[in-house]
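Open the model in your viewer and keep the selection tool ready. We will go stop by stop.

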Amino acid sequence: MANSASGMAVDDECKLKFLELKAKRNYRFIIFKIEGQQVVVEKLGSPDESYEDFTASLPSDECRYAVFDFDFTTNENCQKSKIFFIAWSPDSSRVRMKMVYASSKDRFKRELDGIQVELQATDPSEMSFDIIKERAR
Amino acid sequence: MYGGDEVSAIVVDLGSHTCKAGYAGEDAPKAVFPSVVGSIDQMEIDDADNSDKNSGSGPESKSKGKRKLYVGSQDLGFRRDHMEVLSPTKDGIVVDWDMVENIWDHALRKCLLVDPKEHPMLLAEPCSNTQQQREKTAEIMFEKYQVPALFLAKNAVLTSFASGRATSLVVDCGGGSTTVAPVHDGYVLQKAVATSPIGGEFLTDCLLRSLEHKGLSIKPRYAFKRKEIRPGEFQIVDLDFPNTTESYKLYCQRVIVGDIKECVCRAPDTPYDETSYSNIPMTPYELPDGQTIEIGADRFKIPDVLFNPSLVQTIPGMESFVETASSARGLPQMVIESINKCDVDIRRELFSSILLAGGTASMQQLKERLEKDLLEESPQAARVKVLASGNATERRFSVWIGGSILASLGSFQQMWFSKSEYEEHGASYIQRKCP
């Protein structure tokens, strides 16, 4: 099935920016939002921004999708990176918005080829840095 | 593709206990009425005729075949001789389509006052719906109601989306049953769905029998007249209607006891045991006939049946249900079983997003108790989180609200199963349009 449950479309810009993040690594994170009837890029984070900068960019009462390129060092002292997909849907956001984002997620995620870890979060504790580190393993 | 988003769609969620219907885009359903119908066999209509004329035998009571059906709280609230109260569904599956059509008729034509020909229709369906049921639904909707477009959405998926999650474990404590369904990326994982016949209605019956055993009689509202003889002083006159059916009496008693349950019951923090609850203070409740009853340990014991169905054995009068209950699992066991049937990769995610929904989910302390029991029984590494909307309306109507939002999205308009597609591909196309 090509469509998501909600029938939301995806702007090509999203796929392009994601490819740049993946291949050229010139962004740390990308935040996407749904505008009108499609998913568009809202914000791009430069490679030197931190995870805190990323979480601070997510609104506290509105839903977003985001990808974050996480660099870490394994126990064997090996430099690695993993691409996270985060569905941010805070409890305080409106039901309508939660519904739109949840029902469009599946389709959107499939447009972004190369996501390694997926996370859904409804409050900041569900996407704390500790959880990110744990999931990267 | 159906392209009419100027007219709002109609959303109907026909549950085992209540039918919820309303316009897409609104916050709550406009019409909420029991999903049972009163039925009088026309063979016996002769002596029932009088009472019919009194009520004006409203246009909503339709003569179909050999029986007359009565739908809606108002029509059911009026006692009629020989009127049986029947449910069109059994274990979530429709067994009597004629009744279902009457319920739809009532919802659309009487409550919402709409012409179904003009509005796309989104119906919520239980996870257990079979292919034949779905095709039959499509057939009736397009042939009889001639709706311009139709969509069937699974209860659990709508609840999950409405809480902002595409992946979650939905625990739906409904009237007739409890269903635990894992949803992954917007699809129900059918193989892992667990159901039990213990729902709100079952708890109501337990409470009713338990009260009766204590010698308290729950008088249905039709069985007495309350007269004010002096200001503030009432006299109760018992009325006798020998032709009232058992099922109607039970229906009326359930309405009363259901209210008692909602007012006084709360899930105990730890598994119920007779000794530690024997001294708890009594809670008063005033019955419609003015009699005040006091409820003690039952306040905690009845809800605990959800967690430990074998408790039914100790409730007098429920002997005939012991078998049903012994095959049923407690809520925490159902959750864990269901999660263990899912792929290892998503178990962690399911444990941390358990959604509590349905009418019985409004029971006080239910969420806290479920979370506590699951913490004890789940694997160490799992982060258990039980979520329930803080808003009582959202909890009760989560399925309907999910449908309401979905059907009102501009982008959703291309998803409908349209009349022209139905004419071209037939009813079986519903399986492809609404997976």
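**Stop 1: a helix in chain A**

Select helix H1 of chain A, residues 12-24. Because A:Lys15 and A:Asp12 sit three residues apart in this helix, about one helical turn separates them. Now show both side chains. A:Lys15 and A:Asp12 form a salt bridge, and their closest N and O atoms are 3.3 Å apart. Keep in mind that this is a predicted model. Over all chains, the structure holds 46 salt bridges.

**Stop 2: where the chains meet**

Color chain A and chain B separately. How many residues does each chain bring to the contact? Chain A brings 28 residues and chain B brings 29 residues.

Next, think about area. The size of an interface is often given as the accessible area lost when the parts come together. Here, chain A and chain B bury about 2,500 Å² between them. Carbon and sulfur atoms account for 51% of that area. Select A:Arg96, A:Met99 and A:Gln120. These three supply 26% of the area that chain A buries against chain B, more than any other three residues.

**Stop 3: links across the interface**

Stay at the interface. Six salt bridges are found between chain A and chain B. To view one of them, select A:Glu126 and B:Lys385. Their side chains meet in a salt bridge, at 3.1 Å from N to O. The interface also has ten residue pairs in polar contact, with both residues at pLDDT 80 or more.

Which elements of chain A give two or more residues to the side that touches chain B? They are H3, strand E6 (117-121) and helix H4 (129-136). H3(A) gives the most, with ten residues. Sorted by class, this side of chain A has eight nonpolar, ten polar and ten charged residues.

**Stop 4: the largest cavity**

Switch on a cavity display if your viewer has one. The structure holds two cavities of 30 Å³ or more. Start with the largest, which has about 60 Å³ of space.

Select its lining. In chain A, pick A:Arg64, A:Tyr65, A:Ala87, A:Trp88, A:Ser89, A:Tyr101, A:Ala102, A:Lys105 and A:Gln120. Then add B:Gly164, B:Arg165 and B:Ala166 from chain B. You have met A:Gln120 before, among the three residues picked out at the interface.

Now color by element. Strand E4 (64-73), strand E5 (79-88) and helix H3 (95-111) of chain A each supply at least two lining residues. H3(A) has the largest share, three residues. By class, the lining has six nonpolar, three polar and three charged residues.

**Stop 5: the second largest cavity**

Move to chain B. What volume does the second largest cavity have? It is about 40 Å³. Select B:Thr178, B:Ser196, B:Ile198, B:Leu306, B:Pro309, B:Arg329, B:Leu331 and B:Met334 to show the lining. Five of these residues are nonpolar, two are polar and one is charged.

Terms used. Residues numbered from 1 in each chain as written. Chains lettered and ligands numbered in written order. Predicted model: local features only at pLDDT ≥ 70, side-chain atom pairs only at ≥ 80, totals over all residues. Heavy atoms only, no water. 1 Å grid on protein atoms, 1.4 Å probe; cavity = no way out; pocket = protein on both sides within 12 Å on 5 of 7 lines; lining within 4 Å. Points joined across faces, edges and corners; volume = space filled by probe spheres on them. Helix = DSSP H or I, 4+ residues; strand = E, 2+ residues; numbered from the N terminus. Nonpolar A, V, L, I, M, F, W, Y, C, P; charged D, E, K, R; others polar. Contact = heavy atoms within 4.5 Å. Buried area = accessible area lost by both parts, 1.4 Å probe. Salt bridge = Lys/Arg side-chain N within 4 Å of Asp/Glu carboxyl O. Polar contact = N/O pair within 3.5 Å; in protein donor to acceptor, adjacent residues only side chain to side chain.
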